Amino acid sequence: MKGREFNKKPNFKKIGHLQEDSFESRIRPRYGVGLHMTLFSFTTRASRVRPASKLFIPQNHVQFHGGSHPQGYKDGRRVQKHEAWFVKVVCTLFFYSQPLNDSCLGYLRMNLTPSIEFQVVKWLSHPAFGLKFFEFSRVNFNITHSYQTYNLLLRSFCNMGLLLSAKLVFDYMRIDGHLPDSSVVGSMISSFARAGNFGMAKTLLAEIQSDDVGISVFSVNNLLNMMIKQNQVEEAVSLYKENLGSNFYPDNWTFNILIQGLCKAGQVDQAFEFFYGMRSFDCSPDILTYNTIIGGLCRANEVDRGHKLLNEIQSRGDPAPDVVTYTSVISGFCKLGKMWEASALFNQMINSGTVPTVVTFNVLIDGFGKVGDMLSAKSMYGKMVSFGCVADVVTFTSLIDGYCRNGDVNQSLQLWNAMKTRYIPPNVYTYAITINALCKENRLHEARELLRELKCTSIVPKPFIFNPVIDGFCKSGDLDEANLIVGEMEEKKCYPDKLTFTILIIGHCMKGRMLDAIGIFNKMLSVGCTPDCVMVDSLASLLFKAGMPIEASRVTTIVSQDMKLASSSSLDNNVPLRINRVVPVAV
C-alpha cells in the first residue's frame, strides 16, 4: 500500500458548533481489512505485540505522541506498553475506519475503560476529534467518562475559543454527576465574558451555584470587571446582588470594581453605598478605594466632599493618601478656578513628603493658564525639574493655551519652537489652540502654514482645527482657498461638520455666489448633516434678499420635512434640492 493513501488529509467541513473533520470519508477496503487484522493480532497475541508500525500512525490531523504514554499525561500510574499500543489502534480505527463493524464495536465495548478513553482523547491532536470520540464512546459503549477527560476537553475548548463546544462538554459533565472544578468554571466564565456573551457567563454561574459548587471570588471579579468595561454597570451591580450569599463572598477587589464603575458612570452616591457596606464583609477601604471615590466626587464637581474625605484619611493615616489622592482634589479645584485652594493643597502635599508627578504639575499649569495667571503657571513649570519631572506635550499645550488666552500669541509660538527643539511633537489640541489664536489675530497665512505642517503628520485631525482658518478666508473673500482647505481636510479623512458647512454657505452667500451656497447646502443634507435653525434662517434671509424667494421657501420646506423624518437616516431623493454626494463644495 502506498504511503500517500495514509497521508491523505481528511475533508474538513462545518459541523454544528465547531470546525471538525468529516469522519464519513471511507478508507479503501484493503486498508480497513489491515486495521481489523491489526486489532485481531492485538487481541490474540497481546503479550507478544511489538511497537506500532509507523504505517498505522496518521501524520496529518491526528497526531500520536511516541513513548509509553500520551505526552503530558499526568496520571500517577505509568501506562503499560500494550495499553499504549491499544490506544494507537483505537485512534486509528476511529479516525480511518468509520463505521466500525460489530466485531470491533463488541471488542471495544469490552475493553475500553475511562482511563483508556482519556488517553485516546489525549492522543488526538485537536479537541474536535476528542469530542467526536467522546460522544461516540458515550453513545456506543455507555462509558462514564473520567473527570480528567472532562477537564482536558473543557480547558482545550476554552483556550481555543470554541465556547459552545465547551458548554456541551460542561452539560455532559453535570449529567454524569461530576462536580466541575472551580478553576475550570472560572475559565469558562471568563471566556464567555471576553467574547461579550455575558448572558451565558451568568447562566454558567447560576448553574454551578445550583449544584452547590463554590466559585472563586477571582472568577466573579473578573466577570464583573469585564461587564464594567463594557459599560454594563447596572447589570454588574445586579449580578453582584444575585450571587451574594451563594457560596460567593466579596473581597476588596470586588468592591473596588463596582465603586469604580459607578463613579465612572457618575453614580457617586450609589458608589458610597458599597463604600459604607464593605465592613459588613470584613473588608476595609484601601487607598485605591479612596482614590476612586475622591476622583468620582471631583469629576462630579463635588470637590469639597472629596477634600473632606481626603482630610479624613489624613487624620487616620491608614491608608495614607498618595499622589493620586492629592492630584484628584487639586485637579477638581483647578477645574473650578479655585487656584488658591489648589496651591495650598499642593504645598500641603509637598510638606507631607508626597512627591508630585508630571500630571500634578500639568493640572496646576492648566488651571493657572485658564484663569490668566501665567506668572504662576510659569513658576510651576520651573519647579518641575527640581522634582524630577520632565515637561511633556500636555505641559507645553497648557502653557500655549494660557498665553493664547492672554493674547500673547508670540510667546505661544516661542513655546512651539521650544517643543521642536526638545523633539516633543505637538498633538491635535496643540495645533487647534495655536491655529485658533492666530486666526483671531487675522494671521491667516501663519495658520495656513500650520495646516500644511499638520498635513505631513500622522495626526488624525478634527474639523475644529480647520474651521477657524476656513472662516477666516471666507470672511476675507478668498473662497477658493477656503474650498481648497476643505479638500485637504477630506484627504485626511476629516469630513466637514455642521459648523464647516455653515461657514461655507454663509461665506458664499456674502460673496454673491448663491447657487454655490445652495449646492453646499444640498451636500450638507446628502451626507446626513442636519442644519440648525439659525443657519437655515440666515440662508433663507440671504436668498430672499438676493431676489430668490422661491429658493428661500424651498430651503425652509426641506428642513421642516427633515425635522419630521428625524428617525430616518436616508434622505428623500424626490425633493428637488437634494443632490447626491458627488456635488462639489463650490463651483
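Is Phe272 buried or exposed? In this predicted model, Phe272 is buried, with a relative accessible area of 8%. Phe275 is likewise buried, and its relative accessible area is 8%. The two residues form an aromatic pair of the edge-to-face kind, with 5.7 Å from centre to centre and 80° between the planes. Both belong to helix 14 (residues 268-277), where they are three residues apart, which means that about one helical turn separates them.

A pair of aromatic rings is described by the distance of the centres and the angle of the planes. The structure holds twelve aromatic pairs. In addition to the pair in helix 14, Tyr381 and Phe396 have ring centres 6.1 Å apart and planes at 65°, so this pair is also edge-to-face. Distant parts of the chain are linked by this contact, since Tyr381 lies in helix 20 (residues 374-383) and Phe396 in helix 21 (residues 393-405), 15 residues apart. Tyr381 and Phe396 are both buried. One aromatic cluster is formed by Tyr240, Phe255, Phe274 and Phe281.

Charged contacts were examined next. The count of salt bridges comes to 16. One of them joins Arg443 to Glu446, with 2.6 Å between the closest N and O atoms. Glu446 is partly exposed, at 35% relative accessibility. Another salt bridge connects the side chains of Arg452 and Glu449, at 2.8 Å from N to O. Arg452 and Glu449 are three residues apart in helix 24, so they are separated by about one helical turn. Arg452 counts as partly exposed at 36% relative accessibility, and Glu449 counts as partly exposed at 46%.

The salt bridge between Asp516 and Arg513 has an N to O distance of 3.0 Å. Its two partners fall into separate accessibility classes: Asp516 has a relative accessibility of 13% and therefore counts as buried, whereas Arg513, with a relative accessible area of 23%, is partly exposed. The dividing value here is 20%, because buried means under 20% relative accessible area. Salt bridges that share partners also join Asp366, Lys370, Asp401 and Arg405 into one network.

Internal space was considered as well. Two cavities of 30 Å³ or more are found when the whole structure is searched. The second largest cavity holds about 40 Å³ of space. Its lining consists of Leu451, Leu454, Lys455, Phe466, Glu488 and Lys492. Helix 24 (residues 444-455) gives the most to this lining, contributing three residues. In terms of class, the lining has three nonpolar residues, three charged residues and no polar ones. Helix 24 thus appears in two settings: this helix contributes to the cavity lining, and it also contains Arg452 and Glu449.

Two loop residues have backbone angles of note. Asn231 is not a glycine, yet it has a positive phi of about 65°. Asn231 is located in the loop between helix 11 (217-229) and helix 12 (233-243). With a relative accessible area of 60%, Asn231 is exposed. Lys493, again not a glycine, has a positive phi of about 60°. The loop that holds Lys493 runs between helix 26 (479-491) and helix 27 (498-510). Lys493 counts as exposed, at 62% relative accessibility. Both residues are classed as exposed because their values are over 50%.

Terms used. Residues numbered from 1 in each chain as written. Predicted model: local features only at pLDDT ≥ 70, side-chain atom pairs only at ≥ 80, totals over all residues. Heavy atoms only, no water. 1 Å grid on protein atoms, 1.4 Å probe; cavity = no way out; pocket = protein on both sides within 12 Å on 5 of 7 lines; lining within 4 Å. Points joined across faces, edges and corners; volume = space filled by probe spheres on them. Helix = DSSP H or I, 4+ residues; strand = E, 2+ residues; numbered from the N terminus. Nonpolar A, V, L, I, M, F, W, Y, C, P; charged D, E, K, R; others polar. Buried < 20%, exposed > 50% of the residue type's maximum accessible area, 1.4 Å probe, protein only. Salt bridge = Lys/Arg side-chain N within 4 Å of Asp/Glu carboxyl O. Phe/Tyr/Trp six-rings, centres within 6.5 Å; stacked < 30°, edge-to-face > 60°.
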